[in-house]
There are 2 protein chains.
Amino acid sequence: MKVHLDCFPCFLKQVVIAVRLGTNDEVLRERVIRSALKEIELSDTGKTPAHSTTFIHRRIREMLGGDPFSAIKSEYNRKALAMYGGLRESVLSSPDPLFTATRLAIAGNIIDFGIFTSVDIEGTVSRALAEPFAVDDYRDFMRAVGNAGDVLYLLDNAGEIVFDRLLIETLLSMGKRVTAVVKGAPVLNDATMKDAREAGITGLCEVIDNGSDCVGTILYMTSPEFNRCFREAGLVISKGQGNFETLMNERKERMFFLFQAKCDVVSRELGLPLGAMLLKRGEAAAR
Amino acid sequence: MKVHLDCFPCFLKQVVIAVRLGTNDEVLRERVIRSALKEIELSDTGKTPAHSTTFIHRRIREMLGGDPFSAIKSEYNRKALAMYGGLRESVLSSPDPLFTATRLAIAGNIIDFGIFTSVDIEGTVSRALAEPFAVDDYRDFMRAVGNAGDVLYLLDNAGEIVFDRLLIETLLSMGKRVTAVVKGAPVLNDATMKDAREAGITGLCEVIDNGSDCVGTILYMTSPEFNRCFREAGLVISKGQGNFETLMNERKERMFFLFQAKCDVVSRELGLPLGAMLLKRGEAAAR
């Protein structure tokens, strides 16, 4: 997945969202936007959008002197935690807890205020539990989980990770060894170790960081330790569009992508409507 | 009305629309976008968005070696002309032809593919004829038309000008001397002399150009001849958001703005919902 012409205005929209969250100083906001324009100009259309946004958001954080998403990330962790009890109930009472937890994990991917400014979590949860998915490799997924001893779980956004916690708990209850992965440093609304702690994941399973502040998972920018885990994992669960963009050609049939198509470019590339939910096995050839 | 943070992504969106219309060469498209980013960076937030987009679209035309909107403008003129007979019927059969023609002229303002990529003309016409306007100074307008000997009519977009033709014809039938104004050179989808000819306006009344390639009407960039007409006109009808942005503080109670609030920034500034239709007298103090 490469940078598309439509990505350029979207990059800039993300910048505006970030500066609004990061400072009330109108002069500084404007200065960051102008500086980000220079960074957008350098976007490499031979690479993924995640590459561009990585550099753009680095510049934003540098200029703001901190992470503009810090407060809103904690807020979304809290909001999602308030839903946790009820959601856990639906998983435990489900005839197929893995199915329900997987669907909820995909529903949670709606919490992505880096792109959207408002989210309808409850509506998305109902939709995820009731409607068929655009791409649904659940049978393959179920089989792969059954066969795997260990699962590497690439987390995506703060808030969303409370939904991932349900799936991680389900995998643990099935006797799987789960390693959850967060970002090595803040970028956009992506989960870091602090978010994993806030969401109660650090007490459940091993949580490692990928040593990187990249959007998605740009392997050559992640740590050697993470790379080793990634190569060796029996099964990789990849959450979110950023991880899909950057990992869609990796690890083949041992990868499962759980996400929603949240932008025109990605949904068009997949031939799916905007908002489509996907549980997608890596690489079509493996089907 | 000044450049707002939200204008920046919108500027870039307009650039993407323009390059898509202007060339099929992906490499050139990308080059123009990168160059436009430099121009966007220079946006003066102390001036109107129309100032910025004027410079941005100049650069786009220079790099593409022509007007990217040329073909689509003629297409929209043709589409609107196909509706002309029926619309003229509604004006002539109306108990108040000035009212109906005025509303249709405002409905026609939906044809603005510089911002939107698809438009629902029929739906907008029904809405304009049936629903109350967000701002409706029609009584003042009717009185001002009654008192005016001559009317200066600032046209906005290609296609839309067929709707303006109905109002111009109505004004002429009331014995008014009408001078219609087009842009001096192509910019966005704005009407030029060629469009006035295509829409059949040149045969009806005097049509002059404003000597400028600016979005809206930036007075100091227009010709001395146009400036004289503007200062001396008994009544000025100003079509579209661009003209409103750039002229809202001019000519006071002799100005009437006919337009739709087509972006978040303008509708927020006016305290009206997006898509609101307005027939607005210049300057609140004149009410």
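Visitor: How many residues does the contact take from chain A and from chain B?

Guide: Good place to start! This is a predicted model, and in it the contact takes 22 residues from chain A and 22 residues from chain B.

Visitor: How much area do chain A and chain B bury between them?

Guide: The size of an interface is often given as the accessible area lost when the parts come together. Here chain A and chain B bury about 2,000 Å² between them, and 62% of that lies on carbon and sulfur atoms. On the side of chain A, the residues that lose the most area to chain B are A:Leu5, A:Arg34 and A:Glu41, together 34% of what that side buries.

Visitor: How many salt bridges are there between chain A and chain B?

Guide: The count between the two chains is four salt bridges. One to look for joins the side chains of A:Glu41 and B:Lys38, at 2.3 Å from N to O. You met A:Glu41 a moment ago, among the residues of chain A that lose the most area to chain B.

Visitor: Which residue of chain B forms a salt bridge with A:Asp6?

Guide: That is B:Arg20, with the closest N and O atoms 3.0 Å apart. Follow the pair across the chains: A:Asp6 sits in the segment before helix 1 of chain A, while B:Arg20 belongs to helix 1 (residues 7-22) of chain B. Over all chains, the count comes to 46 salt bridges.

Visitor: How many residue pairs are in polar contact between chain A and chain B?

Guide: There are 10 such pairs, counting those with both residues at pLDDT 80 or more. As for where the touching side of chain A comes from, helix 1 (7-22) and helix 2 (26-41) of chain A each supply at least two residues. Helix 2 of chain A gives the largest share, nine residues. Sorted by class, the side of chain A that touches chain B has 10 nonpolar, three polar and nine charged residues.

Visitor: Now the sheets. What is the order of the strands in the open sheet of chain A?

Guide: The seven strands of this open sheet run in the order 1-7-6-5-2-3-4, with mixed pairing. At the edges are strand 1 (135-136) and strand 4 (206-209) of chain A, each pairing on one side only. Strand 4 of chain A pairs with strand 3 (residues 177-182) of chain A in the parallel sense, over four bridges. To see the match by eye, find A:Thr179, which stands opposite A:Glu206 in strand 4 of chain A.

Visitor: Which strands does helix 11 of chain A lie across?

Guide: Helix 11 (residues 240-247) of chain A lies across strand 2, strand 5, strand 6 and strand 7 of chain A, and runs at about 135° to strand 6 of chain A.

Visitor: In chain B, why is one side of strand 1 and of strand 4 left without a neighbour in the sheet?

Guide: Strand 1 (135-136) and strand 4 (206-209) of chain B stand at the edges, each with a single partner strand, so one side of each has no neighbour in the sheet.

Visitor: Do strand 6 and strand 7 of chain B pair in the parallel or the antiparallel sense?

Guide: Strand 6 (residues 255-260) and strand 7 (residues 277-281) of chain B pair in the antiparallel sense, over five bridges. For a pair to find on screen, take B:Gln260, whose bridge partner in strand 7 of chain B is B:Met277.

Notes. Residues are numbered from 1 along each chain as its sequence is written. Chains are lettered from A and ligands numbered from 1 in the order in which they are written. This is a predicted model: local features need pLDDT of at least 70, side-chain atom pairs count only at pLDDT 80 or more; totals for chains, interfaces and linings use all residues. Side-chain values use heavy atoms; hydrogens and water are left out. Two strands pair if DSSP finds at least two bridges between them. Contact means heavy atoms within 4.5 Å. Axes are lines fitted to C-alpha atoms, for helices over the stretch in contact, and angles run from 0 to 180 degrees between N-to-C directions. Buried area is the accessible area (1.4 Å probe) that two parts lose on being put together, summed over both. A polar contact is a pair of N or O atoms within 3.5 Å; within protein, one must be able to donate a hydrogen and the other to accept it, and residues adjacent in sequence count only if both atoms are side-chain atoms. Ala, Val, Leu, Ile, Met, Phe, Trp, Tyr, Cys and Pro count as nonpolar, Asp, Glu, Lys and Arg as charged, and the others, Gly among them, as polar.
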